[in-house]
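This report describes the fold of one protein chain and a selection of its side-chain and backbone features. The sequence and structure are shown first.

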Amino acid sequence: MMMTMEGVAVKLPSYSFPIIRSPARRVTRNFRPFSISASTLKEGHPAAPSAPPASLSLGHLTRPDFPILHQEVNGSRLVYLDNAATSQKPTAVIRALQNYYESYNSNVHRGIHYLSARATEEYELARKKVSNFINASDSREIVFTRNATEAINLVAYTWGLQNIKPDDEILLTVAEHHSAIVPWQLVAQKTGAVLKFVELNGDEVPDVDNLKDMLSRKTKLVVVHHVSNVLGSVLPMKDIVLCAHDVGAKVLVDACQSVPHMVVDVQNLNADFLVASSHKMCGPTGVGFLYGKSDLLSAMPPFLGGGEMISDVFLDHSTYAEPPSRFEAGTPAIGEAIGLGAAIDYLSGLGMQKIHDYEIFLAKYLYDSLSSVPNIHIYGPVPSNHVSRAALCSFNIDNIHPTDTV
């Protein structure tokens, strides 16, 4: 459903907010909070904050880059507030896609003619851009997937089924996205492993102290978000990874809401796996990526069978390519990957720290302004000098259905 009001177009996504009563009883409350992201609030709209002093804000500077914003809705210029669901695309990304299809559309890794060589070069350059963007040690640690959901399933059905045994424990938080919960439910059903969930604390943030207490030698994997797309909470990922490694567990980080909004350094975090989606970082839909440490990827079996993931094929058996090709069966999303590379160029040109600093400014304005509304409940932590909060808010107003909120 798309709701328009005074030029603001807001999609109302449906969330299933999990509440854990006890480790043995999981209760799910279904509701549709009104959820908005501050990351593309633009000055000039009546509800927007004043710009930081001394210069044009990042909002002023980047708005012209997004063609979709060059329109009016109900007589007012469009302001898009649904970036937690998907981001809009700058001209540079749109042109990169157009250039691929107009100038060198061809398959990759399977031709020696000019178009194929050019497409292969640009496709692999996009992989290097992703690698550099998150500071992986080698571009071969980057696997292109359809999206972050597929990246998580890739880990679940390769590393998970190979390494998780009966009575092993998989530790998650109640605030994980469904795509980070369901694959591990399926793995647990197949292997006899046990899923354990970390509850929220009084600040409506996953209780990190409780997470640490739940770690044990039985814990084989910790699956956790870096930034919550509902609560806006930012977790101390480096600390979580260190504690998990102390008991021998691996860590998979859902970074869909952090990679587009802050500097993410996988070597500094020391995460074993990390996933993100192109469409949430100004790139095209239909492509995402998995980061995995080289030694883990090399030991994992294939996810899908087909062309490109093989070394040699015989009638009775096959041998497999080294990563990342082992996990990229068939013709990939070539144009989309190249578009993702263009999105990374765009974000890097702005500067990720600059983006993050500006979003902190917007996040505080958004939270403070919403807090002034009577009878409102904003989910997640209260921002302060000591508490980080992402530039998004999910909220409900007492006795008012979200679709009636105007």
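## Surface and overall composition

The protein chain exposes about 18,000 Å², and carbon and sulfur atoms supply 52% of that area. The coordinates belong to a predicted model. Of the chain's 406 residues, 53% count as buried.

The secondary structure comprises 11 helices and 19 strands. Among contacts between residues at least 6 apart in sequence, 65% join residues that are at least 24 apart.

## Aromatic pairs

A search of the whole structure finds seven aromatic pairs. In one of them, Phe66 and Tyr346 meet edge-to-face, with 5.9 Å from centre to centre and 90° between the planes. This pair links distant parts of the chain: Phe66 belongs to the loop between α1 (58–62) and β6 (72–73), whereas Tyr346 belongs to helix α10 (residues 334–350), and the two are 280 residues apart. Both Phe66 and Tyr346 are buried.

A further pair is formed by Tyr123 and Phe144; the ring centres are 5.2 Å apart and the planes stand at 55°, so the pair is tilted. Since planes under 30 degrees apart count as stacked and those over 60 as edge-to-face, this angle falls in the remaining class. Tyr123 lies in helix α3 (residues 114–134) and Phe144 in strand β9 (residues 142–145), so the pair ties together parts that are 21 residues apart in sequence. Tyr123 is buried, with a relative accessible area of 0%, and Phe144, at 7% relative accessibility, also counts as buried.

## A tyrosine cluster and an arginine

Tyr100, Tyr101 and Tyr104 form one aromatic cluster. One of these residues, Tyr104, also has a charged neighbour: the charged end of Arg118 sits over the Tyr104 ring, 4.1 Å from its centre.

## Ser131 in helix α3

Helix α3 also contains Ser131. With a relative accessible area of 3%, Ser131 is buried, because the cut-off for that class is under 20%. When neighbours within four places in sequence are left aside, Ser131 is in contact with Ala136, Asp138, Ser139 and Ile142.

## The two sides of helix α7

In helix α7 (residues 237–246), the buried residues are Met237, Ile240, Val241, Cys243 and Ala244. Around the helix axis they cover an arc of only 165°, which places them on the same side of α7. Leu242 and Asp246 are exposed on the other side of α7.

The buried residues of α7 pack against two helices and two strands, namely α6 (208–214), α8 (266–269), β12 (219–225) and β13 (250–254). Just after α7, Gly248 adopts a positive phi of about 85°.

## The β16–β17 hairpin

Strand β16 (residues 310–313) pairs with strand β17 (residues 318–320) in the antiparallel sense, over three bridges. The connection between β16 and β17 is a hairpin through four residues. Within this pairing, Asp312 has Thr319, in β17, as its bridge partner.

Methods:
Residues are numbered from 1 along each chain as its sequence is written. This is a predicted model: local features need pLDDT of at least 70, side-chain atom pairs count only at pLDDT 80 or more; totals for chains, interfaces and linings use all residues. Side-chain values use heavy atoms; hydrogens and water are left out. Buried means under 20% relative accessible area, exposed over 50%, partly exposed in between (1.4 Å probe, protein chains only). Contact means heavy atoms within 4.5 Å. Accessible areas come from the Shrake-Rupley method with a 1.4 Å probe; for residues, only the protein chains shown count as cover. Rings of Phe, Tyr and Trp (its six-membered ring) pair if their centres lie within 6.5 Å; planes under 30 degrees apart count as stacked, over 60 as edge-to-face and the rest as tilted. A charge sits over a ring if NZ of Lys or CZ of Arg is within 6 Å of the ring centre and within 35 degrees of the ring normal. The arc is that of the directions from the helix axis to the C-beta atoms. Two strands pair if DSSP finds at least two bridges between them.
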